[in-house]
Number of protein chains: 2
Amino acid sequence: MTKGSMLSWVDGANEPHGFGLNHLPYGAFRKDDVTRLCVRIGDWLLDLEACVRHGLLEGFAPSVRDACSQSTLNDLLAAGPEAWQALRAVLTACLSDDGYARTAADWLLVPLSEVELVLPIDPRGYTDFYASLHHARRVGELFRPDNPLLPNYKHVPIAYNGRASSVIASGTSVRRPWGQRRPANQETQPTFEPSAALDYELELAFVVGQGNALGEPISIANAHEHLFGVTLLNDWSARDVQAWEYQPLGPFLGKSFATSVSPWITPMAALESFRVAPAARAQGDPQPLPYLLDDADQQHGAFDIQVEVLLSTEASRAAGLAPMPVSRGNARGLYWTAAQMVAHHTSNGCNLRPGDLLATGTISGPERASAGCLLELTRNGAESIALPNGEHRAWLQDGDEVSLRALCRREGFLLIELGECVGHISEA
Amino acid sequence: MTKGSMLSWVDGANEPHGFGLNHLPYGAFRKDDVTRLCVRIGDWLLDLEACVRHGLLEGFAPSVRDACSQSTLNDLLAAGPEAWQALRAVLTACLSDDGYARTAADWLLVPLSEVELVLPIDPRGYTDFYASLHHARRVGELFRPDNPLLPNYKHVPIAYNGRASSVIASGTSVRRPWGQRRPANQETQPTFEPSAALDYELELAFVVGQGNALGEPISIANAHEHLFGVTLLNDWSARDVQAWEYQPLGPFLGKSFATSVSPWITPMAALESFRVAPAARAQGDPQPLPYLLDDADQQHGAFDIQVEVLLSTEASRAAGLAPMPVSRGNARGLYWTAAQMVAHHTSNGCNLRPGDLLATGTISGPERASAGCLLELTRNGAESIALPNGEHRAWLQDGDEVSLRALCRREGFLLIELGECVGHISEA
């Protein structure tokens with residue numbers, strides 16, 4: 001038996017599929033026109049409202065039971081880390097072989113195949129960081145060959161406010177956006193037409209649990225108490241629109257048409273075994289300023305999460321091919337940690353709220369194959385990449401389907417797979 | 001009697017104070033620990049929940065009556081332009097000399113002096129445009145003397161996503177933010193300390209009423225149906241933080257510590273008499289692209305709203321002086337109209353939601369005295385301005401209080417004053 005693992009009585013739950021008893025990600029499902037919260041185990045959902053109704057959560061404060069009966073996780077996120085920990089303990093016990101509630105819980109399971117998964121959070125804010133040095137440098141090389149990395153990068157966890165209204169659940173189609181594009185010849189008018197440079201961005205997003213009051217920063221030492229979980233996020237980007245609009249105030253319409261997230265939020269508690277030290281700084285790199293520096297964070301503030309992008313096309317699906325790998329990386333190489341993001345974001349007093357998404361920005365590694373977006377892989381569309389089925393892509397085409405996947409794998413520990421984040425490009 | 005005006009029976013309501021029967025801005029007030037919606041007339045509030053309770057809104061759909069009984073305007077915003085128009089007609093009748101409900105309404109008024117005003121909307125999104133050409137050019141001259149206006153400016157209504165969580169009501173103190181500042185000498189570490197370059201920005205914000213579904217742009221011809229009202233907005237800015245952080249993804253912590261808005265939302269219906277043609281384009285300026293071009297918008301898509309900034313300091317208040325004017329301009333000179341902002345924002349399919357704020361960006365005129373922020377007035381702090389009481393300011397100091405005011409004045413029409421937007425700087 002694997003170290004630290006328990007077995008579950010749920011059918012198939014102990015297979016190495018990444019959704020075992022050690023994981024229990026939170027989600028929301030629709031069935032019979034009702035939306036309810038759940039945790040996933042194997043190919044089953046444990047219905048949290050039913051848990052409340054059947055008295056499994058009697059030991060909890062009414063506010064927590066009420067939070068479990070809502071249609072989004074936001075109230076549970078606001079309940080704070082003690083409530084999350086206690087709930088996870090009870091749900092784990094209930095699903096384990098020693099579960100005190102096997103008989104009751106048997107009634108509480110819903111087959112994954114029978115439901116529609118929906119966005120489990122109502123994100124009020126969506127912040128996108130730029131935490132991969134390799135991404136920042138490679139993008140910088142395209143646009144500023146002489147000065148790829150700006151002087152602030154190694155001091156400031158750079159970020160911008162994304163658009164929260166267009167955050168959508170995995171599986172929702174993404175319509176190719178229209179937009180203004182830079183005139184090829186400076187003397188002509190720009191054009192307004194469907195983007196011809198549609199891209200994905202492979203990211204993780206940390207989900208804020210308890211927020212902070214306006215004017216009261218969260219110290220880096222306390223940051224972890226404010227993070228509930230992590231999910232995969234695809235920050236779809238129209239590179240032609242972005243290139244023409246982004247000076248001087250940053251990305252806007254090149255991003256705000258859609259941002260897809262996985263329907264599953266993996267609790268931070270499930271990732272404790274996959275914490276690692278952040279990537280070592282290079283010789284001569286500056287020490288982070290004190291408000292971004294914490295011993296524990298330096299020791300295990302990063303996460304060993306393998307991430308990958310797969311692409312299927314109309315042709316590949318017609319040929320019966322599985323989604324084709326396009327790039328593969330690991331979140332442990334990010335320059336900034338989740339705790340540094342929280343501390344920086346709130347350092348000016350800005351308030352975070354439950355359900356806010358703090359995304360990493362594109363996760364790219366040092367090798368070109370580990371670049372997390374086509375902008376890098378194709379050098380801004382100049383060098384199209386060959387897909388395993390013989391097709392080529394400079395940018396995404398209509399009918400393409402992009403899947404983000406993520407695995408936590410470590411000798412002696414049960415595998416964890418983050419919920420897949422899928423989006424299908426439909427025509428403008 | 002002034003053209004088109006009616007008289008109100010409410011005490012003092014017919015004085016030329018800008019809050020007459022022709023205005024009726026919406027707000028929210030707290031009294032006895034309850035928050036309720038209202039419209040303002042003179043120094044009185046008409047309590048909308050009480051109107052519902054006393055049967056004044058019997059002709060309305062239950063959803064509208066319910067919307068009037070909430071603690072924010074969001075549901076009423078979502079109800080759409082026909083509901084707004086009908087409600088305004090009934091409230092106007094109720095408060096006019098011919099009011100059918102004078103006796104009942106007499107019970108429904110609350111003195112302004114007895115309540116606390118709170119934010120009447122729950123903004124899910126806050127977008128800040130850059131609609132003043134004069135602002136963009138003057139700021140550009142400071143940082144790019146050879147190339148002050150970027151090539152996209154006259155084609156693209158430039159904007160960025162602001163931070164909605166820190167939008168606060170007028171009167172809430174603004175704590176000076178801490179932040180990273182650019183090293184004076186590139187070889188030293190940046191510092192983290194309270195901002196030494198705190199600024200205001202004089203802006204209007206249009207409040208979105210009905211939103212749009214993701215993927216369904218709002219045409220410029222229909223844009224006005226989606227705007228409920230307008231309010232004053234102060235986009236507080238820490239210029240030193242902003243200068244160091246904003247490349248390449250735009251403003252973030254330099255702005256997100258606080259954004260103040262007036263407690264009063266002036267309905268667009270009250271501003272119809274103050275519509276004017278947008279500022280004429282200069283010789284050689286490009287024609288807007290078709291999605292930004294509409295005949296009606298070209299004829300009267302701008303608003304003749306005089307805006308001004310007043311400053312009081314600890315010393316000026318101690319001397320019993322009134323707030324001192326610092327700058328004065330007019331929103332009619334903006335390069336982009338509200339309808340163009342809506343059409344552009346949604347042109348890629350991005351969805352707007354009820355209560356979203358679309359702010360103009362700093363409203364600056366061609367003369368330096370009409371610049372709407374200290375960054376322009378003091379040339380990035382290099383030339384401090386003299387206040388009427390003999391003090392000088394390069395940037396805001398602790399204890400300073402900034403008031404934004406706005407007036408609509410037109411021969412033959414009753415004055416309208418937008419609700420004041422005030423913020424007091426407290427120490428870091």
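Student: How many salt bridges are counted between domain 1 and domain 2 of chain A?

Tutor: The count between domain 1 of chain A and domain 2 of chain A is zero salt bridges. Please keep in mind that this is a predicted model.

Student: And how many residue pairs are in polar contact across that interface?

Tutor: Four residue pairs are found in polar contact between domain 1 of chain A and domain 2 of chain A, with both residues at pLDDT 80 or more.

Student: Which elements of domain 1 supply the touching side?

Tutor: Strand 1 (26-31), strand 2 (34-41), helix 3 (74-79), helix 4 (81-95) and strand 5 (116-118) of chain A each supply at least two residues to the side of domain 1 that touches domain 2. Helix 3 of chain A gives the most to that side, with four residues.

Student: What kinds of residues are on that side?

Tutor: The side of domain 1 of chain A that touches domain 2 of chain A has 13 nonpolar, three polar and two charged residues.

Student: Let me step back. Where do the two domains lie in the chain?

Tutor: In chain A, domain 1 covers 26-118 and domain 2 covers 126-426. Their centres, taken over C-alpha atoms, are separated by 30 Å. The contact takes 18 residues from domain 1 of chain A and 16 residues from domain 2 of chain A.

Student: What area do they bury between them?

Tutor: Domain 1 of chain A and domain 2 of chain A bury about 1,400 Å² between them, and 73% of it is on carbon and sulfur atoms. A:Tyr26, A:Leu77 and A:Trp84 supply 42% of the area that domain 1 of chain A buries against domain 2 of chain A, more than any other three residues.

Student: Now the two chains. What rotation superposes chain B on chain A?

Tutor: A rotation of 180° with 0.0 Å of shift along its axis superposes chain B on chain A, with an RMSD of 0.0 Å. That is the relation of a two-fold axis. In chain B, the C-alpha nearest the axis belongs to B:Gly250, 2.1 Å from it.

Student: Why do we say that the copies meet through the same surface?

Tutor: Because 100% of the interface residues of chain B are also interface residues in chain A. Chain B and chain A each give 58 residues to the contact.

Student: What area goes into that interface?

Tutor: Chain B and chain A bury about 5,500 Å² between them, 56% of it on carbon and sulfur atoms. In chain B, the residues that lose the most area to chain A are B:Arg163, B:Leu249 and B:Phe252, together 14% of what that side buries.

Student: How many salt bridges are there between the chains?

Tutor: Four salt bridges are counted between chain B and chain A. B:Arg124 forms a salt bridge with A:Asp122, and the closest N and O atoms are 2.8 Å apart. Side chains of opposite charge can pair when their charged atoms come close. Chain B and chain A also have 27 residue pairs in polar contact, both residues being at pLDDT 80 or more.

Student: Which elements of chain B are on the touching side?

Tutor: Strand 7 (159-161), strand 10 (178-181), strand 11 (191-194), helix 7 (239-245) and helix 10 (338-346) of chain B each supply at least two residues to the side that touches chain A. The largest share, three residues, comes from strand 7 of chain B.

Student: Last topic: how many salt bridges does the structure hold over all chains?

Tutor: The structure holds 50 salt bridges over all chains. B:Arg181 forms a salt bridge with B:Asp240, with the closest N and O atoms 3.3 Å apart. B:Arg181 lies in strand 10 of chain B and B:Asp240 in helix 7 of chain B, so the pair ties together parts that are 59 residues apart in sequence.

Definitions and conventions:
Residues numbered from 1 in each chain as written. Chains lettered and ligands numbered in written order. Predicted model: local features only at pLDDT ≥ 70, side-chain atom pairs only at ≥ 80, totals over all residues. Heavy atoms only, no water. Domains from an automatic or database assignment. Contact = heavy atoms within 4.5 Å. Buried area = accessible area lost by both parts, 1.4 Å probe. Salt bridge = Lys/Arg side-chain N within 4 Å of Asp/Glu carboxyl O. Polar contact = N/O pair within 3.5 Å; in protein donor to acceptor, adjacent residues only side chain to side chain. Nonpolar A, V, L, I, M, F, W, Y, C, P; charged D, E, K, R; others polar. Least-squares fit on C-alpha atoms with pLDDT ≥ 70 in both.
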